[in-house]
Amino acid sequence: MREGDKGITLVALIVTIIILLILISVSLGAITQKNFINKAQNAVDKASQQENDRAEKEDEAIQTWNYLPGNIIKSPTSYK
């Protein structure tokens, strides 16, 4: 090899590719083994269900407020 030659050698390229393949396999193994995707989907479903429950309770509270005796303040839903 000449003194002024610069660049990557074939051995360094192969070592770099092997290290990248190992990192990819470890990452994919961690994702599939621990079910990150399933846990994330379950969290989304749970949050959605909690939001629906909160909205139902809020609607019930508004309906109860509307039927209280002596209630002179109308809820915003009754204005049109």
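Helices are DSSP runs of H or I with at least four residues, and strands are runs of E with at least two, numbered from the N terminus. The model is predicted: local features need pLDDT of at least 70, side-chain atom pairs count only at pLDDT 80 or more, and totals for chains, interfaces and linings use all residues. Residues are numbered from 1 along each chain as its sequence is written, and side-chain values use heavy atoms, with hydrogens and water left out.

**Exercise 1. State how many helices and strands the protein chain has, and check the span of α1.**

Step 1. The protein chain holds two helices and zero strands.
Step 2. The expected span of a helix is 1.5 Å times one less than its number of residues.
Step 3. For the 24 residues of α1 this gives 34 Å, and the end C-alpha atoms are 34 Å apart, so the two values agree.
Step 4. Just after α1, N35 has a positive phi of about 55°.

**Exercise 2. Find what percentage of the protein chain is buried and what area the chain exposes.**

Step 1. Buried means under 20% relative accessible area, exposed over 50%, and partly exposed in between (1.4 Å probe, protein chains only).
Step 2. Of the 80 residues of the protein chain, 2% are buried.
Step 3. Accessible areas come from the Shrake-Rupley method with a 1.4 Å probe; for residues, only the protein chains shown count as cover.
Step 4. The chain exposes about 7700 Å², of which carbon and sulfur atoms supply 64%.

**Exercise 3. Locate the salt bridges and describe how they are linked.**

Step 1. A salt bridge is a side-chain nitrogen of Lys or Arg within 4 Å of a carboxyl oxygen of Asp or Glu.
Step 2. The whole structure contains two salt bridges.
Step 3. E51 pairs with R54 at 2.6 Å, N to O; the two are three residues apart in helix α2, so about one helical turn separates them.
Step 4. E58 also bridges to R54, with the closest N and O atoms 2.6 Å apart; these two are four residues apart in helix α2, again about one helical turn.
Step 5. E51, R54 and E58 thus belong to a network of salt bridges.
Step 6. By relative accessible area, E51 at 39% is partly exposed, as are R54 at 40% and E58 at 40%.

**Exercise 4. Identify the surface patches and place one residue of each.**

Step 1. Patches are made of residues with over 30% relative accessible area and no salt bridge; like charges are joined within 9 Å, and nonpolar side chains (Val, Leu, Ile, Met, Phe, Trp, Tyr) within 5 Å.
Step 2. Asp and Glu count as negative, Lys and Arg as positive, while His and the chain ends are not counted; a charge is placed at NZ of Lys, CZ of Arg, CG of Asp or CD of Glu.
Step 3. D53, E56, D59 and E60 form a negative patch on the surface.
Step 4. D53 lies in helix α2 (residues 36-66) and, at 32% relative accessibility, is partly exposed.
Step 5. A nonpolar surface patch includes I8, L10, L13 and I14; the whole patch has about 1100 Å² of accessible area.
Step 6. I8 sits in the segment before α1 (10-33) and, at 61% relative accessibility, is exposed.
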